[in-house]
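Visitor: Hi, I have just opened this one and would like a walk through it. Could you put it up so that we can both look?

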Amino acid sequence: MTMPKRLALAASLAFSFAAPAISQAQETAIVAGGCFWCVEADFEKMAGVSEVYSGFTGGTLANPSYEQVTAGGTGHYEAARILYDPARVSYDQIMYAFFRSVNPTDPGGQFCDRGDSYRTAIFVRNAAERQSAERAKAQAAADLGKKIVTPILDAGQFYDADAYHQDYYKQKDLILTRFGPRSKASAYKLYRDSCGRDQRVRDLWGNAAPFANH
């Protein structure tokens, strides 16, 4: 792809950050990007996204618990169900942002979180979503000059995680951590910083990393 065409593509996929707004028209995108708290926190910054739910998908166990999924053997990924207004943000834009919010070259998990449940994936519901995801994957490979290991899979049943995990990054409930009592929001920030997620995304994607630079 020539530079003018690449710049034009980037411009067409540009998006903004704003407080979520709820619209009557809602579509769904399902992705796995490692820790689902982080994916939820990232995409709820995106204009046109009304809500993101943490959950599990891709496996065979019905109604899995967080402990069952992270222990392994269920086949499930930690995933996020993104509700968005297609009049304000497109599936293409979400796919473009998703790849630049993770390390899609890592087959063993994401950042400090290792294991099958923390791998990246995209779960598509129809041919149009698959085509969009394939385009975004090819563009990510071209931009990085590396093999992208993120699979594009048919969407199946998505199981919402329990209330403890929803909006974890902004909850004020107190929990006991190795740093002492902290709110979930504070504990989340300590986790994300210690995991090095933002720094490693910036190292990989530079200024193209949409959430690590905001």
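Visitor: Which cysteine does the disulfide join to Cys112?

Guide: This is a predicted model, and in it the disulfide joins Cys112 to Cys195, with an S to S distance of 2.0 Å. The structure holds 1 disulfide.

Visitor: And where do those two cysteines sit in the chain?

Guide: They link distant parts of the chain, 83 residues apart: Cys112 lies in the loop between strand S4 (109-110) and strand S5 (113-114), while Cys195 belongs to helix H6 (residues 184-195). The link of Cys112 and Cys195 is left-handed, with -110° about the S-S bond.

Visitor: Is Cys195 buried or exposed?

Guide: Cys195 is buried, with a relative accessible area of 6%, whereas its partner Cys112 counts as partly exposed at 40%.

Visitor: Then there is Cys35. Why is there no bond from its sulfur to the one in Cys38?

Guide: The closest cysteine sulfur to that of Cys35 is indeed the one in Cys38, but at 3.7 Å it is too far for a bond. Cys38 is in no disulfide. Both residues are hidden from the surface by the accessibility figures, since Cys35 counts as buried at 5% and Cys38 is buried at 1%.

Visitor: Switching topic, what order do the strands of the sheet come in?

Guide: The sheet is open and has 6 strands, in the order S7-S6-S1-S3-S2-S8, with mixed pairing. Strand S7 (152-154) and S8 stand at the edges with a single partner strand each, so one side of each has no neighbour in the sheet.

Visitor: How many bridges join S1 to S6?

Guide: There are 4 bridges between strand S1 (residues 27-33) and strand S6 (residues 120-124), and these two strands run antiparallel. If you would like one pair to find on screen, Ile30 has Phe123 in S6 as its bridge partner.

Visitor: Which strands does helix H4 touch?

Guide: Helix H4 (residues 91-99) packs on the sheet and touches S1, S3 and S6, its direction making about 170° with that of S6. Helix H5 (residues 127-144) packs on the sheet as well, touching S1, S6 and S7, and its direction makes about 165° with that of S7.

Visitor: Now the charged side chains: how many salt bridges are there?

Guide: The count comes to 14 salt bridges. One of them brings together the side chains of Arg81 and Asp160, at 3.0 Å from N to O. That pair links distant parts of the chain, with Arg81 in strand S3 (residues 77-84) and Asp160 in strand S8 (residues 159-160), 79 residues apart.

Visitor: What about Glu129, which residue does its side chain meet in a salt bridge?

Guide: The side chain of Glu129 meets that of Arg125, again with 3.0 Å from N to O. Glu129 counts as buried at 6% relative accessibility, while Arg125 counts as partly exposed at 42%. Elsewhere, salt bridges that share partners join Asp42, Lys45, Arg192 and Asp198 into one network.

Visitor: One last thing, what pLDDT does the chain average?

Guide: The chain averages a pLDDT of 90, and 88% of the residues score at least 70. Residues 1-12 call for caution, as their pLDDT stays under 50, and the model has 9 contacts for them beyond four places in sequence. Over residues 18-23 the pLDDT is below 50 too, and this stretch has 11 contacts beyond near neighbours in sequence.

Methods:
Residues numbered from 1 in each chain as written. Predicted model: local features only at pLDDT ≥ 70, side-chain atom pairs only at ≥ 80, totals over all residues. Heavy atoms only, no water. Salt bridge = Lys/Arg side-chain N within 4 Å of Asp/Glu carboxyl O. Buried < 20%, exposed > 50% of the residue type's maximum accessible area, 1.4 Å probe, protein only. Pairing = 2+ DSSP bridges. Contact = heavy atoms within 4.5 Å. Axes fitted to C-alpha atoms, helices over the stretch in contact; angles between N-to-C directions. pLDDT = per-residue confidence, 0-100. Disulfide = S-S within 2.5 Å.
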